[in-house]
Amino acid sequence: VMPNVTKVFLGASAIMSNGAVLGGCGTAVVAMTATRANVPVIVTCATYKLSEKVFLDSVVSNELGDPTALARPGSAPGEATAAFPQSEGRTTGTSKSMQPRLLNLRHDLTPMKFVSMVVTEVGLIPPTAVPALLREYRREATQGDGL
């Protein structure tokens with residue numbers, strides 16, 4: 001599909017101060033695939049979603065979904081399957097402890113190098129300009145407090 005695409009537009013849940021984009025699961029894979037095919041990746045994000053935080057991965061701070069929803073397509077959330085039965089607790093030394101544990105992450109993190117441009121209500125900015133925009137908003141906020 002990528003050879004036929006001219007631009008990729010992605011939405012962001014947040015953009016970190018290091019330019020990394022926090023988006024829905026799969027966002028990073030799409031951005032990486034597009035970058036490899038030399039297709040520009042354009043992220044849309046309102047400025048109130050710019051964060052002074054820095055995320056290096058999407059595992060440490062993330063929303064978790066129901067892991068059983070991943071077990072079998074079409075299964076109802078909370079429904080155990082033969083491949084991934086629900087267990088009450090982890091017991092060591094038994095075969096149950098060797099079963100895989102599912103983790104249903106809601107967001108993933110796209111590194112800045114896979115983003116060509118960010119569209120905000122301020123205009124088009126490169127992802128490297130996010131810290132400057134954050135500083136400008138912080139400066140305006142502190143000047144507004146002194147009035």
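# Exercises on a predicted model

In the hairpin formed by β2 and β3, five residues lie between the strands, and G19 takes a positive phi near 85 degrees there. The structure is a predicted model, and the exercises below move from this hairpin to the sheet, the cores and single residues.

**Exercise 1.** Determine which strands form the open sheet and in what order they stand.

*Solution.* Begin with the strands of the hairpin: β2 and β3 (residues 21–24) run antiparallel and are joined by two bridges. In these bridges A14 has L22 as its partner, while I15 is partnered by V21. Next, follow β3 to its other neighbour, β5, to which four bridges join it, again in an antiparallel arrangement; here V21 stands opposite T110 of β5. The outcome is an open sheet of three strands in the order β2-β3-β5, with antiparallel pairing.

**Exercise 2.** Explain why β2 and β5 each have one side without a neighbour in the sheet, and find the helix that packs on this sheet.

*Solution.* Strands of a sheet pair through backbone hydrogen bonds, in either a parallel or an antiparallel manner. Because β2 (14–15) and β5 (107–110) stand at the edges and have a single partner strand each, one side of each is left without a neighbour in the sheet. The helix that packs on the sheet is α1, which touches β3 and β5 and whose direction makes about 30 degrees with that of β5.

**Exercise 3.** Place these elements within the chain as a whole, and state how confident the prediction is.

*Solution.* The chain holds two helices and seven strands, and from the N terminus on they run β-β-β-α-β-β-β-β-α. Of the contacts with a separation of 6 or more, 72% are between residues 24 or more positions apart. As for confidence, the mean pLDDT of the chain is 77, with 62% of the residues reaching 70 or more; among the elements, β4 has the highest mean, 95, and α2 the lowest, 80.

**Exercise 4.** Describe the nonpolar cores, starting with the largest one.

*Solution.* Buried residues make up 33% of the 147 residues in the chain. The largest nonpolar core has 20 residues, of which V8, I15, V41 and V43 touch the most other members. Two or more residues of this core come from each of β1 (8–11), α1, β4 and α2 (130–145), and α2 gives the most, with three. A second, separate core has five residues, including M16, A20, L22 and L109. Returning to V8, and leaving aside its neighbours within four places in sequence, one finds it in contact with M2, V30, A34, V39, P40, V41 and I42.

**Exercise 5.** Decide whether N38 and P131 are buried, partly exposed or exposed, and describe the setting of each residue.

*Solution.* N38 is located in the loop between α1 (27–36) and β4 (41–44), where it has a positive phi of about 60 degrees although it is not a glycine. Its relative accessibility is 71%, so N38 counts as exposed, the cut-off for that class being over 50%. P131, by contrast, lies in helix α2, and because its relative accessibility is 27%, P131 counts as partly exposed. Although P131 and L50 are 81 residues apart in sequence, their C-alpha atoms are 9.0 Å apart in space.

Definitions and conventions: Residues numbered from 1 in each chain as written. Predicted model: local features only at pLDDT ≥ 70, side-chain atom pairs only at ≥ 80, totals over all residues. Heavy atoms only, no water. Buried < 20%, exposed > 50% of the residue type's maximum accessible area, 1.4 Å probe, protein only. Core = buried A, V, L, I, M, F, W, Y, C linked by side-chain atoms within 4.5 Å. Contact = heavy atoms within 4.5 Å. Pairing = 2+ DSSP bridges. Axes fitted to C-alpha atoms, helices over the stretch in contact; angles between N-to-C directions. pLDDT = per-residue confidence, 0-100.
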